Amino acid sequence: MLEQVGLLPLFIKENITADEGDRIEKAYQKTGKDALLKEATARKVIPFVARTCVALDLDADFWSERLEDYRERNRKILAMLDRVYQTLEKHGVRKMFVTENVGALLSANGDIGLFASGDVDNCADVSERDKIYSAFEELGFERKERFALRNQISCSFHPHDAEIGDAFYINVDFHPLARLKLPCFVDADDFVDWDALYTYGDTAIKLPPPDALMYICLLHISLHSFSRAPDARLYLDIIHMAKCPIHYESLGEWAARDHTQTRLATAGMIAKTLFDVDIPGWLLKRQGANAVLKQVYDMTGNDLIYEPHGLKVLWIELLCDDIGWWHGLKEMAFPNKEWVAATYGGAGVLAYLKHMLRILP
């Protein structure tokens, strides 16, 4: 059922039309709840499917229970996250916040059941890494560091909590958009006001200003080639953030400075067209975005072109360059020397040769 063109996004968007509801209902009658549950489990979209089925009165009692299961799980996760941020504060951590999907959901005060992932993403300043480690050690979390060869980009912390499950973890990125094979193309200090972080509700959980988080969420989608897993779920972050007071002029200024206008416009155009997100049209007027859209969006079926791979992923990345794909190729092959030295242990010819071989699909 979810494999039908244009059907999966209907479970992600919040306000479906009567015609869209009829389409879902007809497909549901052919598939049935058991087969749909199996599909939704595999795609990690159970709560979104459940919300829509309840709204359309399709086995509402069954799906309401599934949604409540996620709410209960996520309440426990939020309680854990609250304890984490209380401990971080005690250890003097000032530059860390919840980002991406959970960050967007909390920023919009959304339904806590609409979080289906197995981890909570956070962004932190690497200067506070030792303090962060100390806080998680106090809480008894197991630490697993993630490196791009020699260069650490993130760290995950795994709790021993039987109620939540061993598979769940808290991820901390030391860049707003960490990548394994290429440097991050934005610097948090350029658009995150660390002094303006605020707490969620009556918890100690820290969130960034909405403008900064919307910028991160839009650009994060480009790291997944706009249509690779978690594919449609990525756009839920934009749906949530669009409910917050966003100064789109700031996003436009940041994108022009950071040369991320094509990335931002492409993600915004898909969010606006496919999920009815209200984003100003002037922010999306970027000629280069049209070339990217042809690779990742099916205009006829009004759906994403899912899971590009290999050379197509590389081509999409090159098309995201604001100047042109030829400039993108140069930037990809010859990233800045500081990053090359940190990753490969040097910035000579051999290091760049290693890098060129490593980025090949």
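## Exercises on a predicted model

**Exercise 1.** In this predicted model, determine which residues Tyr215 is in contact with, leaving aside its neighbours within four places in sequence.

*Solution.* Beyond those neighbours, the contacts of Tyr215 are Val186, Phe191, Leu251, Trp254, Ala255, Asp258, Thr260 and Leu264. Next, consider the nonpolar surroundings. The largest nonpolar core has 81 residues, and Tyr215 is among the five that touch the most other members, together with Phe226, Tyr235, Ile238 and Leu251. Helix α8 (residues 210-223) supplies the largest share of this core, 10 residues. Another core, of 32 residues, lies apart from it and includes Leu81, Ile112, Ile132 and Ile205.

**Exercise 2.** Establish whether Thr87 is buried or exposed, and describe its surroundings.

*Solution.* First, locate the residue: Thr87 belongs to helix α5 (residues 60-90). Second, apply the cut-off: buried means under 20% relative accessible area. Thr87 has 8% relative accessibility and therefore counts as buried. Third, examine the polar contact: the Thr87 side chain reaches the backbone oxygen of Arg83 at 2.8 Å. Finally, not counting residues up to four places away in sequence, Thr87 touches Ala135, Glu138 and Leu139.

**Exercise 3.** Identify how strand β5 pairs with β2 and with β4.

*Solution.* Begin with β2 (residues 119-124), which runs parallel to β5 and is joined to it by 5 bridges; here Asp119 stands opposite Tyr169 of β5. Turn then to β4 (residues 151-158), which pairs with β5 in the antiparallel sense over 4 bridges; Ser156 stands opposite Asn171 of β5. As for covering, 4 of the 5 residues of β5 (residues 169-173) are buried.

Technical notes:
Residues numbered from 1 in each chain as written. Predicted model: local features only at pLDDT ≥ 70, side-chain atom pairs only at ≥ 80, totals over all residues. Heavy atoms only, no water. Buried < 20%, exposed > 50% of the residue type's maximum accessible area, 1.4 Å probe, protein only. Helix = DSSP H or I, 4+ residues; strand = E, 2+ residues; numbered from the N terminus. Pairing = 2+ DSSP bridges. Polar contact = N/O pair within 3.5 Å; in protein donor to acceptor, adjacent residues only side chain to side chain. Contact = heavy atoms within 4.5 Å. Core = buried A, V, L, I, M, F, W, Y, C linked by side-chain atoms within 4.5 Å.
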